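Ready for some practice in reading a protein model? Grab a pencil, try each exercise yourself, and then check the worked solution below it.

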Amino acid sequence: MVPVYSSYFGLTEAPFNITPDPSFLYDSESHREGLAQLLYGINARRGFIVLTGEVGTGKTTLIQALLQQLTEGTQTALIFSAITSPVDLLRYVCEEFALIEPMQGIKDAHDYINLLNEFLLQKYRDGENAALIIDEAQNLTPEVLESIRLLSNFETTKDKLLQILLVGQPELTERLNSPQLRQLKQRVTLRHHLCPLSLGECQQYVANRLKHAAGNPSIFSPKAVEAIHQYSGGIPRLINVLCDNAMINAFALDRKDIEPILIQEVADDLHLVSTVTRATAMRREGPIRTEARGAGRIEVVKPQSAQVIRAGRVNISAEPSNVISGNGVVPESFLVSLREALIDAMGPMAHVVLSEQIGLFGVSMDRFPREKIGTLIESVSREIFDESIRESFRRNMSDGFKVLQKA
């Protein structure tokens, strides 16, 4: 979809879409090294490969670029769906390799294994390769991960028949380091972690995307790009969100140049906090205060006429009569407090994570159903890397919602 500001800035396409378009892949040092390792791991039949990175660092875009560069002799199976059991895993793999029809009746695990074995052996005889790519692997159960390990047993005396790429957030590394999965960890031959962009890379990233869309890289001033980097933390998806919104605002204000003040306004609207501001706050507050806020701690205080819930930096006042509306809708004020607590717990990507999770329910923030709040808290908390902060966030947000219900 062409943005409203395209003709105003002379663009031929949208430069800052958040969809994983490999044609826009920026070749940062980390992404370049990651793509090289993935290509080598699959082409050299190295077996298990692991790619990790924070939300929004470009893992999915890198996968799409990988698929474009693999040789025609490599057949791939790409799985994004939630895998709930070992049999589900085998069924999805067989579907992706076109060994069975989608939605076909469920077979026994033994049947799927036989199909895969015959398929992989034939591929090997034909001089071809097969690769299985599983995204969001940090959410897989130990049983499913163990089943993935068993898939690596498809091999000859010389080569692995199936190359397996696990892609996920940093929690995946934590999972693989657990004693329960030590056998799987020992089979990993290549690992790569995608890093956020440095300031210099952020400058090149923004310029390259504008050039790709036939735009002028100087639309964003150097100081504006510095502000983008500070508010995004170098996360490509957040850089796109900031740039896109800044260009919309510039178009509305009839400005051809984008300065830091415009970036700050957009960041305020998105409830993003500058990394400089965050670091300063941490130094001032000290480790105890920072940990409490990072966990999304909620304190209940009672001013003269209203109960106030403090979540991170946000104060939400709510009269007892309208805390939980009669139609079972959660007050938007509570979701704002949840978002702020999540920002403190995981950083600036919290805004995008929460919006995506709410979107999965098919509702908006102002119409979020009361009975789903527990599920929402659980789903967004999975994006918090630190286990202690994650558990504190879950507990404190759940307690905070109970307080609202009783108010």
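**Exercise 1: A charged network**

Glu 378 has a relative accessible area of 30%, so it counts as partly exposed. Keep in mind as you work that this is a predicted model.

*Task.* Work out which helices Glu 378 and Arg 394 lie in, and how many residues apart in sequence the pair is.

*Solution.*
- Step 1: Look for the helices. Glu 378 belongs to helix H15 (residues 373-381), while Arg 394 belongs to helix H16 (residues 387-406).
- Step 2: Check the pairing. A salt bridge joins the side chains of Glu 378 and Arg 394, at 3.2 Å from N to O.
- Step 3: Put the two together. The pair ties together parts that are 16 residues apart in sequence, because its members sit in H15 and H16.
- Step 4: Look at the other partner. Glu 378 also forms a salt bridge with Arg 382, and here the closest N and O atoms are 3.9 Å apart.
- Step 5: Compare the surroundings. Arg 394 has a relative accessible area of 18%, which is under the 20% cut-off, so it is buried. Arg 382, with 43%, is partly exposed.
- Step 6: Zoom out. Glu 378, Arg 382, Glu 391 and Arg 394 are linked in a network of salt bridges. Searching the whole structure turns up ten salt bridges.

The general idea is simple: side chains of opposite charge can pair when their charged atoms come close.

**Exercise 2: A pair inside one helix**

*Task.* Find the helix that holds both Arg 91 and Glu 95, and say whether the two residues are buried or exposed.

*Solution.*
- Step 1: Place them. Both residues are in helix H3 (residues 86-96).
- Step 2: Count along the helix. Arg 91 and Glu 95 are four residues apart, about one turn of the helix.
- Step 3: Check the atoms. The two form a salt bridge, with 3.3 Å between the closest N and O atoms.
- Step 4: Check the accessibility. Arg 91 and Glu 95 are both buried.

**Exercise 3: Who touches Val 353?**

*Task.* Set aside the neighbours within four places in sequence, and list the residues in contact with Val 353.

*Solution.*
- Step 1: Find the residue. Val 353 sits in helix H14 (residues 350-360).
- Step 2: Judge its exposure. Val 353 counts as buried because its relative accessibility is 3%.
- Step 3: List the contacts. They are Val 55, Leu 342, Met 346 and Glu 383.
- Step 4: Try a distance. Arg 339 is 14 residues from Val 353 along the chain, and their C-alpha atoms are separated by 9.3 Å.

**Exercise 4: Cysteines**

*Task.* How many disulfides are there, and which cysteine sulfur is nearest to that of Cys 243?

*Solution.*
- Step 1: Count. The number of disulfides is zero.
- Step 2: Look around Cys 243. The nearest cysteine sulfur belongs to Cys 202 and is 7.0 Å away, while a disulfide needs the sulfur atoms within 2.5 Å.
- Step 3: Add the exposure. Cys 243 is buried, because its relative accessible area is 0%. Cys 195 is partly exposed, at 38% relative accessibility.

**Exercise 5: Positive phi angles**

*Task.* Where in the chain are Ala 98 and His 271 placed?

*Solution.*
- Step 1: Start with Ala 98. This residue is in the loop between H3 and helix H4 (109-125). Its phi is positive, about 60°, although it is not a glycine.
- Step 2: Ala 98 is exposed, since its relative accessible area is 63%.
- Step 3: Move on to His 271, in the loop between helix H11 (260-269) and helix H12 (275-294). His 271 also isn't a glycine, and has a positive phi of about 60°.
- Step 4: At 25% relative accessibility, His 271 is partly exposed.

**Exercise 6: The whole chain, and how far to trust it**

*Task.* What is the mean pLDDT of the protein chain, and over which residues is the pLDDT below 50?

*Solution.*
- Step 1: Take the average. The mean pLDDT is 83, with 86% of the residues at 70 or more.
- Step 2: Spot the weak stretch. The pLDDT is below 50 over residues 279-326, a stretch with 84 contacts in the model beyond near neighbours in sequence.
- Step 3: Read with care. Where pLDDT is low, the predicted coordinates should not be read in detail.
- Step 4: Sum up the chain. Its secondary structure comes to 16 helices and eight strands, and buried residues make up 50% of its 407 residues.

Terms used. Residues are numbered from 1 along each chain as its sequence is written. This is a predicted model: local features need pLDDT of at least 70, side-chain atom pairs count only at pLDDT 80 or more; totals for chains, interfaces and linings use all residues. Side-chain values use heavy atoms; hydrogens and water are left out. pLDDT is the predictor's confidence in each residue, from 0 to 100. Contact means heavy atoms within 4.5 Å. Buried means under 20% relative accessible area, exposed over 50%, partly exposed in between (1.4 Å probe, protein chains only). A salt bridge is a side-chain nitrogen of Lys or Arg within 4 Å of a carboxyl oxygen of Asp or Glu.
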